[in-house]
Amino acid sequence: MKKKKWYSLLAVVVIALLLFTACTPAETTATESASASTEAQASTEANGEESAPASASTEAAAGEVHEIYQLMPKLSLAGIVNPYVEDRADLDKAWPKEPAAEGTLKIGWTEINQSSDWFIAVKNSAEEKAKEYGYELEFLIAEDDPQTQSQHIDTFITQGVDIIVVDPVNSSAPVADINRAVEAGIPVLCVGAVPENCAALTTLCSNTFMNGYLTGQYMAEQFAADEEISATMIVGVMGSSCTESRLCGAVSGILKQRMEAKGTPYASDEDAWLAGYNLFEEIKSNGKGGSDEAGFQVTGYGTGDWTIEGGLAAAEDLCTANAGMNLMISENDFMAAGALKALTSANMKDQVKIGSVADGTREGLDLIKSGDLLCTGLNSGIEQGEWAIDFIHAIFEEGKDCSDLPLESLFTPGVISKENVDEMYDESIGFYKTQEFQFPQSIPELKAENQ
């Protein structure tokens with residue numbers, strides 16, 4: 001499969017058959033998306049069962065494609081591009097659609113919460129971009145409640161808005177509501193958390209697995225090939241797709257780099273992803289796991305709920321129980337900041353390196369500049385909000401074709417580290433420099449590029 005350049009922020013990568021939350025338990029609830037970003041990138045959805053792995057095609061069913069694709073959809077694999085995704089062109093998505101009133105475009109947006117700077121940035125940036133285009137935007141907050149979000153969608157249907165934007169509180173709850181809106185002739189765009197199979201146009205969100213994969217490789221590069229890595233992890237909430245895919249990606253990236261450094265590389269990225277998936281499942285089940293071959297062990301993990309306070313509490317416990325660790329993997333910048341406080345208090349700051357998988361907050365970038373944080377991944381609340389409105393502008397006013405987009409359209413992943421932090425830094429906003437919106441790839445484009 002083609003490998004995207006990690007530093008590219010402009011392209012939009014699509015994913016398929018990951019019909020679960022890009023950011024939520026199924027998934028947990030809402031604070032993920034940001035943490036997710038504060039992620040709360042988005043959603044925590046708590047509790048939820050994954051569907052049994054389903055083959056994406058008869059080829060997959062016949063065992064003619066890599067095993068990793070036959071495992072999909074899985075929460076922990078959200079973000080891997082599946083080149084065998086089925087077309088959605090014939091699915092009724094209430095498109096094309098003309099605005100109800102000439103010269104006015106009405107948008108209804110139901111958001112998970114406003115519990116973090118990440119979610120606040122989504123709201124503020126969406127409102128500013130809508131004002132720039134002259135659109136009427138009604139932005140409602142679900143406060144992590146699926147029933148409230150359902151009521152929001154019913155309200156927008158009654159109002160006859162031109163399009164509805166949904167950041168799902170969890171992956172399953174809004175499916176019937178989304179389909180009901182489409183049946184009423186109103187197209188739906190999802191952001192942040194990917195819903196289960198439904199008639200939404202697509203879901204715009206960050207690439208959780210690949211951000212983990214790239215940041216994991218970077219973290220591993222900070223250790224000599226013959227140096228054992230003894231790591232702990234701070235997670236948002238297990239059961240959230242953001243949490244699981246980010247950290248599964250990070251484990252996969254560490255294994256990939258370690259095996260390369262030792263002169264025994266995997267034959268393909270898919271092999272590294274599969275090895276990482278298997279190890280991550282072991283860690284989830286047992287609380288620890290590792291690879292002697294790669295010289296990499298995870299000796300424990302703690303739950304930090306995507307917040308500074310949660311990261312502090314989780315890291316304090318991990319410091320007590322894992323005195324020999326030399327790496328701490330944090331799912332997002334907020335928890336990493338809390339973990340640094342705990343390491344300092346435990347006199348372990350010089351012993352333990354910390355890497356973050358997501359967000360790219362200004363605070364996270366400051367920690368990278370000071371040498372306290374190894375890296376972070378790309379996941380801006382500003383981009384999430386702005387780009388959703390840019391997408392709406394593109395399909396209503398620029399003639400962009402959204403008839404055959406995958407259910408999950410992901411932003412290009414990337415790593416911010418000491419090597420590029422200065423060029424990514426913008427002291428005037430809460431995240432890294434905002435990039436220009438790129439319209440997502442269609443399923444045919446995706447297949448042509450990846451098969």
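## Exercises: salt bridges and a sheet

D422 and K369 form a salt bridge, their closest N and O atoms lying 2.7 Å apart. The model is predicted: local features need pLDDT of at least 70, side-chain atom pairs count only at pLDDT 80 or more, and totals for chains, interfaces and linings use all residues. Residues are numbered from 1 along each chain as its sequence is written, and side-chain values use heavy atoms, with hydrogens and water left out.

**Exercise 1.** Place D422 and K369 in the structure, and state which parts the pair ties together.

*Solution.*
- Step 1: apply the rule. A salt bridge is a side-chain nitrogen of Lys or Arg within 4 Å of a carboxyl oxygen of Asp or Glu.
- Step 2: locate the partners. D422 is in helix α13 and K369 in helix α11 (residues 362-370), so the pair ties together parts 53 residues apart in sequence. Helices (H or I, at least four residues) and strands (E, at least two) are DSSP runs, numbered from the N terminus.
- Step 3: check accessibility. Buried means under 20% relative accessible area, exposed over 50%, partly exposed in between (1.4 Å probe, protein chains only). D422 is exposed at 55%. K369 is partly exposed at 44%.

**Exercise 2.** Is E331, a salt-bridge partner of R246, buried or exposed?

*Solution.*
- Step 1: take the distance. The closest N and O atoms of E331 and R246 are 3.0 Å apart.
- Step 2: locate the partners. E331 sits in the loop between β10 and α10, and R246 in helix α7 (residues 241-261), so the pair links parts 85 residues apart in sequence.
- Step 3: read accessibility. E331 is buried at 0%. R246 is buried at 1%.

**Exercise 3.** Describe the salt bridge between K129 and E132.

*Solution.*
- Step 1: take the distance. The side chains meet at 3.5 Å, N to O.
- Step 2: use the spacing. K129 and E132 are three residues apart in helix α3 (residues 117-133), so about one helical turn separates them.
- Step 3: compare accessibility. K129 is buried at 12%, whereas E132 is exposed at 54%.

**Exercise 4.** Which strands stand at the edges of the five-stranded sheet?

*Solution.*
- Step 1: write the order. The open sheet runs β8-β9-β7-β10-β11, with mixed pairing. Two strands pair if DSSP finds at least two bridges between them.
- Step 2: find the edges. β8 (289-291) and β11 (353-356) each have a single partner strand, so one side of each lacks a neighbour in the sheet.
- Step 3: inspect one pair. Four bridges join β10 (residues 327-330) to β11, and these strands run parallel. S330 has S356 in β11 as its bridge partner.
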